[in-house]
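Trainee: Before we begin, I would ask that each assignment be justified against its criterion.
Mentor: Agreed; let us take them in turn.

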Amino acid sequence: MKMRIIIVGICTIICCISCQDDWLGAKPDQKLVVPTSWKDLRALLDNTRVMQAGYPVMGEMSADDYEIPSNFWNSLAATWEKNTYIWKSDIYGDNSIKGVTDDWAWPYQRIYYSNLVLEKLKLLSPTTAADVEEHRRIQGTALFQRAWAFYQLSQLFCEQYDPAIATSQLGIPIRLQSDISIKSTRATLSETLEQIVADLSEAEAYLPALSEKGVRPGKTAVLSLLARVYLSMYRYDKALDASERCLALQDDLMNFSKVDGSRAYPFMPDNVEVIYRNIMSSSAIFRGTFYVSRELVESYEDTDLRKGYFYRVTPQGTIYRGSYEGGTAMFAGLTTSEVYLIKAECQYRQGKEAEAMTTLFELLRTRDPDLQKENLANGPDLLQRILLERRKELVFRGLRWGDLKRLNREGTYATTLWRQLDEDRYDLPPASKNWTLPIPEIVVDINGMAQNPRQ
């Protein structure tokens, strides 16, 4: 019982990890439990089953880019999946482990690994130039991974950042040590985001310019994530700077006219847009019968090649097939296309409308060969177009929920979500407390930390 309390008390770092396919070929090795060498530390960070899988899925499940039939919803075995879909106050219901889902456990396991690597790294003394370089890359990778996991958690289990009150908003437990006996407590949201930025800023100094095959992060991964974080904080000047520095290193875009749309899944994991690979955590909803929102599909022009490459139309509804993993696994990593959209939005919000239009067109002309720059909107309509293109381009990558949350603070773009299941309708208005997901109850109970209020 004591061991169980310790493990759960550190946010279920090691327990409750789903079995997933070894999608990048790295095999976990039991001898790495006690790392003692450069090779061991690198192997921990190269364990793709831990470090590049399990991007939280509950945000995507809560968002508005899809729907599921009532009979399929009724057949779902997991209470938390059924309740997440309809934004129920008590998501976890009568679950015996009260909500210890992959969305909480996976990121904290990555944080545990990262902290362990950073601690063990201090015990190794580089003696050659190669050792020094490996030391730097390992340190930078561990810092990036920790920041990446903290960010994922903050998007689900924290309120939307409000600069006026961020020092009093609740953040997540910021674990910076691997010692599992240390009790978890919630930091403020301001402290949470400051730690993410600090980790990324330090990681940038240690890493090479480009990511290695999208698996080992480089400065491009750091800068693209930093741009995403600053965007969520409404720090448009900082997000613009990070996006521009990222694109200065890697600005490749696919020409969709040259993509083989006859393939069941047109996009490959090694395509030129991928900066860093990550796959979303598994869920019965996205393994089963889900259909893309009709509103979303109809927002694409007929000449937009994404409409055919991202989706397949069936008599029952539209199926998604556009993952950059080249299969059913949902890509949730970092890409140049996202960075272009961050750059365009921040240029507009910084009063650089002409530059924003140019940046947006640079992306869209690779998707729609018939698009003319002069046909893009001006003024406020341009920002609306940029935000729409974020939804259309970054669909099912784990970003829509965070975008909805941040835009809810802008009255013009605030959104009420709704679901229809048979005769029952469920609504999620912009001011609802249910935009912030609850921390697993067992973690709250054992640590005595504050739970996110629901209604």
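Trainee: How do you know that the sulfur of Cys346 is too far from the closest cysteine sulfur for a bond?
Mentor: This is a predicted model, and in it the closest cysteine sulfur to that of Cys346 belongs to Cys246, 13 Å away. A disulfide requires the two sulfur atoms to be within 2.5 Å, so at 13 Å there is no bond between Cys346 and Cys246. A search of the whole structure accordingly returns 0 disulfides.

Trainee: Why is Cys246 called buried?
Mentor: Buried means under 20% relative accessible area. Cys246 has a value of 0% and therefore meets the criterion. Cys346 is likewise assigned as buried, because its relative accessibility is 0%.

Trainee: What makes Arg216 and Asp46 a salt bridge?
Mentor: The criterion is a side-chain nitrogen of Lys or Arg within 4 Å of a carboxyl oxygen of Asp or Glu. The N to O distance between Arg216 and Asp46 is 2.5 Å, and the pair is counted as a salt bridge. Arg216 is in the loop between α9 and α10, and Asp46 is in the loop between α2 and α3, so the contact ties together parts 170 residues apart in sequence.

Trainee: Why do Arg216 and Asp46 receive their accessibility classes?
Mentor: The limit for buried is under 20%, and partly exposed lies between that and 50%. Arg216, at 26%, is therefore partly exposed, whereas Asp46, at 19%, is buried.

Trainee: Which parts of the chain do Arg406 and Glu345 tie together?
Mentor: The side chains of Arg406 and Glu345 meet in a salt bridge at 2.9 Å, N to O. Arg406 belongs to helix α18 and Glu345 to helix α15, so the pair links parts 61 residues apart in sequence. Both partners are buried.

Trainee: What makes Arg349 and Glu410 a salt bridge?
Mentor: Their closest N and O atoms are 3.0 Å apart, and the cut-off is 4 Å. Arg349 is in helix α15, while Glu410 is in the loop between α18 and β9, so this pair also ties together parts 61 residues apart in sequence. Glu410 counts as buried, since its relative accessibility is 19%.

Trainee: How many salt bridges does a search of the whole structure find?
Mentor: The search finds 30. Salt bridges with shared partners join Glu273, Asp304, Arg306, Arg367, Arg385, Glu389, Lys392 and Glu393 into one network.

Trainee: How do you know that the span of helix α8 agrees with its number of residues?
Mentor: Helix α8 covers residues 129-157, which is 29 residues, and at 1.5 Å a residue the expected span is 42 Å. The end C-alpha atoms are 42 Å apart, so the two values agree. Of the 29 residues of α8, 22 are buried.

Trainee: Why is Ala198 called partly exposed?
Mentor: Its relative accessibility is 39%, which lies between the limits of 20% and 50%; Ala198 is therefore partly exposed. Ala198 is in helix α9, and its C-alpha atom is 8.5 Å from that of Ala147, 51 residues away along the chain.

Trainee: Which residues lie nearest the centre of the largest pocket?
Mentor: They are Asp64, Asp65, Ser293, Glu295 and Arg391, out of 43 lining residues. The volume of the largest pocket is about 1100 Å³. Helix α17 gives the most to the lining, with 5 residues. The lining divides into 21 nonpolar, 11 polar and 11 charged residues.

Terms used:
Residues numbered from 1 in each chain as written. Predicted model: local features only at pLDDT ≥ 70, side-chain atom pairs only at ≥ 80, totals over all residues. Heavy atoms only, no water. Helix = DSSP H or I, 4+ residues; strand = E, 2+ residues; numbered from the N terminus. Expected span 1.5 Å × (residues − 1). Buried < 20%, exposed > 50% of the residue type's maximum accessible area, 1.4 Å probe, protein only. 1 Å grid on protein atoms, 1.4 Å probe; cavity = no way out; pocket = protein on both sides within 12 Å on 5 of 7 lines; lining within 4 Å. Points joined across faces, edges and corners; volume = space filled by probe spheres on them. Nonpolar A, V, L, I, M, F, W, Y, C, P; charged D, E, K, R; others polar.
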